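Trainee: I would like to learn how the words used for a model are earned. Could we go through one together?

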Amino acid sequence: TAVELQSDMHAAAQDLTARCGLADRVAHIAGDISQVPLDAGYTAITSWLALFHVPARASLFPKLFESLAPGGGVFFEDLYQLGEFTPTEQ
């Protein structure tokens with residue numbers, strides 16, 4: 001199951017999945033992950049550059065945890081700014 005909030009990224013993901021011959025194995029959902037019902041039993045949950053943009057993070061983490069199968073894992077990757085950028089970082 002792939003959930004994507006941005007419509008253009010959702011369309012691109014559906015296209016890529018179809019071109020890889022995986023359309024019968026991957027369900028794509030356009031929407032906010034905090035509003036999408038999830039079944040239990042996922043062996044892995046990943047997020048790239050999105051987690052810190054979900055307003056309902058406090059309720060999202062328990063929801064994701066409950067959807068994991070025993071022994072399942074998570075990988076969240078995002079960028080955030082700790083302070084003002086230096087000229088070199090800019």
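Mentor: Gladly. This is a predicted model, and a good place to begin is helix α2, whose buried residues pack against β3 and β4 (68-77).

Trainee: Which residues of α2 are the buried ones?

Mentor: They are Leu60, Leu64 and Ser67. Seen down the axis of α2, these buried residues fall within an arc of 65°, so they line one face of the helix.

Trainee: And what does the face turned away from the buried side carry?

Mentor: That face of α2 carries the exposed residues Ala58, Phe65 and Glu66.

Trainee: Which residues make up the largest nonpolar core?

Mentor: There are six residues in it: Ile45, Leu51, Val54, Leu60, Leu64 and Leu68. To be called a core, such residues must be buried and joined through side-chain atoms within 4.5 Å. As a general background, nonpolar side chains in soluble globular proteins tend to be buried together.

Trainee: What does leucine 64 contact, leaving aside its neighbours within four places in sequence?

Mentor: Leucine 64 is in contact with Ile33, Leu38, Ile45 and Phe76. Ile45 is also one of the six core residues.

Trainee: Let us turn to tryptophan 48. Why does tryptophan 48 count as exposed?

Mentor: Tryptophan 48 has 56% relative accessibility, and exposed means over 50%, so tryptophan 48 counts as exposed. Its place is in strand β3. Leaving aside neighbours within four places in sequence, tryptophan 48 is in contact with Phe75 and Glu77.

Trainee: How far apart are the C-alpha atoms of tryptophan 48 and leucine 60?

Mentor: They are separated by 15 Å, with the two residues twelve apart along the chain.

Trainee: What makes serine 47 buried?

Mentor: Serine 47 is in strand β3 too. Its relative accessible area is 12%, and buried means under 20%, so the word fits serine 47. Not counting residues up to four places away in sequence, serine 47 touches Phe75, Phe76 and Glu77.

Trainee: Which residues form the nonpolar patch on the surface?

Mentor: Trp48, Leu49, Phe75 and Leu79 form it, with about 490 Å² of accessible area together. Patch members need over 30% relative accessible area. Leucine 79, for one, has 64% relative accessibility, so leucine 79 passes that cut-off and also counts as exposed.

Trainee: Where does leucine 79 lie?

Mentor: Leucine 79 lies in the segment after β4. Leucine 79 and phenylalanine 52 are 27 residues apart in sequence and 8.3 Å apart in space, C-alpha to C-alpha.

Trainee: What about leucine 49: where is it found, and what is its phi near?

Mentor: Leucine 49 is found in the loop between β3 (42-48) and α2 (57-67). Its phi is near 50°, a positive value in a residue other than glycine. For background, most residues other than glycine have a negative phi.

Trainee: How many salt bridges does the structure hold?

Mentor: The structure holds one.

Trainee: How do you know that the side chains of arginine 19 and aspartate 15 meet in a salt bridge?

Mentor: The N to O distance is 3.1 Å, and the cut-off is within 4 Å, so the pair of arginine 19 and aspartate 15 qualifies. Both lie in helix α1, four residues apart, about one turn of the helix.

Trainee: Why is arginine 19 called exposed and aspartate 15 partly exposed?

Mentor: Arginine 19 has a relative accessible area of 63%, and exposed means over 50%, so arginine 19 is exposed. Aspartate 15 has 40%, which lies in between the limits of under 20% and over 50%, so aspartate 15 is partly exposed.

Trainee: What makes threonine 17 buried?

Mentor: Threonine 17 lies in helix α1 (residues 7-19). Its relative accessibility is 11%, and buried means under 20%, so threonine 17 counts as buried. Leaving aside neighbours within four places in sequence, threonine 17 is in contact with Leu22, Ala23, Val26 and His28. Threonine 17 and histidine 28 are 9.1 Å apart in space, C-alpha to C-alpha.

Definitions and conventions
Residues numbered from 1 in each chain as written. Predicted model: local features only at pLDDT ≥ 70, side-chain atom pairs only at ≥ 80, totals over all residues. Heavy atoms only, no water. Buried < 20%, exposed > 50% of the residue type's maximum accessible area, 1.4 Å probe, protein only. Contact = heavy atoms within 4.5 Å. Patch = residues over 30% accessible without salt bridge, like charges linked within 9 Å, V, L, I, M, F, W, Y side chains within 5 Å. Areas by Shrake-Rupley, 256 points an atom, 1.4 Å probe, with all protein chains shown as cover. Helix = DSSP H or I, 4+ residues; strand = E, 2+ residues; numbered from the N terminus. Arc of directions from axis to C-beta.
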